[in-house]
Amino acid sequence: MDENAPTGDRGDRWSRKDWWGVVLDAPDVAVLTRFYSELRGWPIWKQDADGSALDLGEGVAYLAIQHNPDYVRPVWPAADGRQQMMLHLDFEVTDLEAAVTEAVRLGAELPEHQPQEDVRVLLDPAGHPFCLYL
C-alpha cells in the first residue's frame with residue numbers, strides 16, 4: 001500500500017493501521033454505547049461488559065467506551081474542588097432545537113448554564129459534557 005496515496009486510495013479501511021479514536025470512561029458501558037450509537041447513528045462495532053467501539057463509518061476514527069468502576073461524574077459548569085471534564089465531544093447539527101430534543105429523549109441532560117447562543121452543552125448519561133452546534 002502506498003503511504004503517500006490520498007486517503008481514498010489507501011485500500012480497505014478495515015485493513016489500515018492508522019486507526020485513532022476517543023475513549024470515554026463510564027460506569028455502564030451498555031448505556032453509554034447505546035446513547036452515542038442512537039444519537040449519531042453509528043453502528044456498534046463490538047461490545048462486551050468491559051468496553052465497546054462505535055464505527056463512525058468513514059476514515060479510521062472510532063468512539064470507544066470503557067468500563068471504569070471508579071468513574072467520577074464531572075460537573076458542568078466546572079467548580080473548584082469537583083471533578084473536571086477531561087474533554088468534550090462537539091457535533092455539528094443542522095437544527096439545534098430538534099437535535100437537543102432528540103438528545104434529551106435519548107437520555108442526555110440539558111444543564112441550565114449555556115455559554116453560547118448557537119451551541120448547546122448537554123450531559124450524556126454518564127455526565128460527560130458534549131456540544132451540539134450550528
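**Contacts, strands and exposure in a predicted model**

Me: What share of the contacts in the protein with a separation of 6 or more comes from residues 24 or more positions apart?
Reply: Residues 24 or more positions apart account for 53% of those contacts, where a contact means heavy atoms within 4.5 Å. This is a predicted model, in which local features need pLDDT of at least 70 and side-chain atom pairs count only at pLDDT 80 or more, while totals for chains, interfaces and linings use all residues. Residues are numbered from 1 along each chain as its sequence is written, and side-chain values use heavy atoms, with hydrogens and water left out.

Me: What makes a stretch of the chain count as a helix or a strand?
Reply: Helices (H or I, at least four residues) and strands (E, at least two) are DSSP runs, numbered from the N terminus. By that rule the secondary structure of the protein comes to 2 helices and 7 strands, and from the N terminus on the elements run β-α-β-β-β-β-α-β-β. The C-alpha atoms fill a box of roughly 50 × 35 × 30 Å, taken along the principal axes.

Me: Which strands form the sheet that contains β1, and in what order do they stand?
Reply: This open sheet has 4 strands in the order β1-β4-β3-β2, with mixed pairing. β1 (20-26) and β2 stand at its edges with a single partner strand each, so one side of each is left without a neighbour in the sheet. From one strand to the next the twist averages 15°, an angle between N-to-C directions, on a scale from 0 to 180 degrees, of lines fitted to C-alpha atoms (for helices, over the stretch in contact).

Me: How do you know that β3 and β4 are paired?
Reply: Two strands pair if DSSP finds at least two bridges between them, and strand β3 (residues 51-55) and β4 have 5 bridges in the antiparallel sense, so the condition is met. In this pairing, Ala53 stands opposite Ala64 in β4. The antiparallel pair β2 and β3 has 3 bridges, so this pair passes too, and a hairpin joins β2 to β3 through 3 residues.

Me: Why is Gln47 called partly exposed?
Reply: Buried means under 20% relative accessible area, exposed means over 50%, and partly exposed lies in between (1.4 Å probe, protein chains only); Gln47 has 38% relative accessibility, and therefore counts as partly exposed. Gln47 has its place in strand β2 (residues 44-47), and its bridge partner in β3 is Ser52. Not counting residues up to four places away in sequence, Gln47 touches Val29, Ala30, Thr33 and Ser52. Of these, Thr33 is 14 residues from Gln47 along the chain, and their C-alpha atoms are separated by 8.3 Å.

Me: What makes β6 a mostly covered strand?
Reply: In β6, 4 of its 5 residues are buried, whereas 37% of the 134 residues of the protein count as buried.

Me: In what order do the strands of the sheet with β6 stand, and which are its edge strands?
Reply: This open sheet is formed by 3 strands in the order β5-β7-β6, and its pairing is mixed. The edge strands, β5 (89-92) and β6 (119-123), each pair on one side only. Neighbouring strands here are turned by 25° against each other on average, direction ignored. Helix α1 (residues 29-40) lies across β5 and β7, and runs at about 25° to β5.

Me: How do you know that β6 and β7 pair, and what lies between them?
Reply: β6 and strand β7 (residues 129-133) share 5 bridges in the antiparallel sense, so they satisfy the rule for pairing. Leu123 stands opposite Pro129 in β7, and Arg120 stands opposite Leu132 in β7. The two strands form a hairpin with 5 residues between them, and Gly127 in its turn has a positive phi of about 95°. As a general point, strands of a sheet pair through backbone hydrogen bonds, either parallel or antiparallel.

Me: What kind of peptide bond joins Trp76 and Pro77, and where does Pro77 lie?
Reply: The bond between Trp76 and Pro77 is a cis peptide bond, with omega about -5°, and Pro77 lies in the loop between β4 (61-67) and β5.
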